[in-house]
Amino acid sequence: AAEHVIRKYLIEELNALDAVIGLPANIFYGTSIPTCILVLKKCREANDTIMFIDASGEDHYEKVKNQNELREQDVMEIVETYRNRTEKDKYSNVVTIQEIRDNDYNLNMPRYVDTFEDEVIIDLDEVTERLKNIDEQLAEVDEEIAGYCQELNIATPF
């Protein structure tokens with residue numbers, strides 16, 4: 001419960017939390033868990049929003065041996081997104097303090113930045129039709145092989 005009190009204090013009393021930046025796992029030596037940076041601004045104007053940036057996606061870092069590293073372009077994208085408070089699909093979102101209140105001061109990234117990919121819709125009728133066609137082609141090939149085996153006077157392999 002202490003973390004909740006700290007988050008609420010940073011947001012409500014100090015008005016200091018300006019952004020939350022999510023980073024990938026293995027970005028810091030000694031820890032393999034995903035991390036985040038809380039950007040605190042001491043003299044923050046009366047702003048009723050907090051910026052959330054999810055830079056943990058695979059296209060936002062480079063894997064180097066057992067460690068992940070932010071490339072120059074990744075750092076620049078984070079900085080530019082933060083400075084301009086740009087909302088980007090599946091990357092960043094500007095969230096109102098009221099929304100954070102409604103979520104009981106929970107700052108988990110997935111709550112505010114939707115990074116989930118839509119599932120590919122599979123047409124089962126089409127797949128069934130393709131499987132039937134493959135079965136028919138397979139039966140034709142089996143007949144052809146059986147014919148060759150009969151010509152060669154050898155037993156069929158199936």
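Helices here are DSSP runs of H or I at least four residues long, numbered from the N terminus. On that basis, E3 and R7 both sit in helix α1, which covers residues 2–13. Everything below comes from a predicted model.

Helix α1 is a handy place to start. E3 and R7 are four residues apart, about one turn of the helix, and their side chains meet in a salt bridge with an N to O distance of 3.7 Å. How exposed are the two partners, E3 and R7? E3 has a relative accessibility of 59%, so it counts as exposed, the cut-off being over 50%. R7 comes out at 23% and therefore counts as partly exposed. Just past this helix, N15 lies in the loop between α1 and β1. N15 has a phi near 50°, a positive value in a residue other than glycine.

The E3–R7 pair belongs to a wider set, since a search of the whole structure turns up seven salt bridges. Another of them joins the side chains of D18 and R44, at 2.9 Å from N to O. This pair links distant parts of the chain: D18 belongs to strand β1 (residues 17–23), while R44 is in the loop between β2 (35–40) and β3 (49–54), 26 residues away. Are D18 and R44 buried or exposed? Both are buried. The pair also has company, as D18, R44 and R85 are linked in a network of salt bridges.

A further salt bridge brings together the side chains of E77 and K88, with 3.5 Å between N and O. E77 is in helix α2 and K88 in the loop between α2 and β6 (92–96), so the pair ties together parts that are eleven residues apart in sequence. With a relative accessible area of 25%, E77 is partly exposed, and K88 is partly exposed as well, at 31%. The loop that holds K88 is also where K90 is found, between α2 and β6. K90 has a positive phi, near 65°, in a residue other than glycine. At 28% relative accessibility, K90 counts as partly exposed.

Two loop residues are worth a look for their partners in space. A55 is in the loop between β3 and β4 (62–64). Its relative accessible area is 1%, so A55 is buried, the limit being under 20%. A55 and P24 are 31 residues apart in sequence, yet their C-alpha atoms are 6.8 Å apart. R71 is in the loop between β5 (67–69) and α2 (72–84), and it is partly exposed, with a relative accessible area of 25%. Between R71 and H60 there are 7.9 Å in space, C-alpha to C-alpha, and the two are eleven residues apart in sequence.

As for annotation, an unreviewed UniProt entry places the feature "domain: DNA methylase adenine-specific" at residues 2–118. In the model, that span is 30% helix and 26% strand, and its end C-alpha atoms lie 36 Å apart. The unreviewed entry also places a "coiled-coil region" at residues 124–151. How much helix and how much strand does the chain have over residues 124–151? The answer is 100% helix and 0% strand, with the end C-alpha atoms 41 Å apart.

The surface around this part of the chain carries two patches. One is nonpolar: V120, I122, L124, V127, L131 and I134 form it, with about 610 Å² of accessible area together. Within that group, I122 is in the loop between α4 (109–112) and α5 (124–152). At 58% relative accessibility, I122 counts as exposed. The other patch is one of negative charge, where D123, D125, E126, E129, D135, E136, E140 and E143 gather. D123, one of its members, is placed in the loop between α4 and α5. The relative accessible area of D123 is 42%, so this residue is partly exposed.

How values were computed
Residues are numbered from 1 along each chain as its sequence is written. This is a predicted model: local features need pLDDT of at least 70, side-chain atom pairs count only at pLDDT 80 or more; totals for chains, interfaces and linings use all residues. Side-chain values use heavy atoms; hydrogens and water are left out. UniProt positions are given in the numbering used here, feature names are shortened, and annotations may be inferred rather than shown by experiment. Helices (H or I, at least four residues) and strands (E, at least two) are DSSP runs, numbered from the N terminus. Patches are made of residues with over 30% relative accessible area and no salt bridge: like charges are joined within 9 Å, nonpolar side chains (Val, Leu, Ile, Met, Phe, Trp, Tyr) within 5 Å. Accessible areas come from the Shrake-Rupley method with a 1.4 Å probe; for residues, only the protein chains shown count as cover. A salt bridge is a side-chain nitrogen of Lys or Arg within 4 Å of a carboxyl oxygen of Asp or Glu. Buried means under 20% relative accessible area, exposed over 50%, partly exposed in between (1.4 Å probe, protein chains only). Lys and Arg count as positive and Asp and Glu as negative; His and the chain ends are not counted. The place of a charge is taken as NZ of Lys, CZ of Arg, CG of Asp or CD of Glu.
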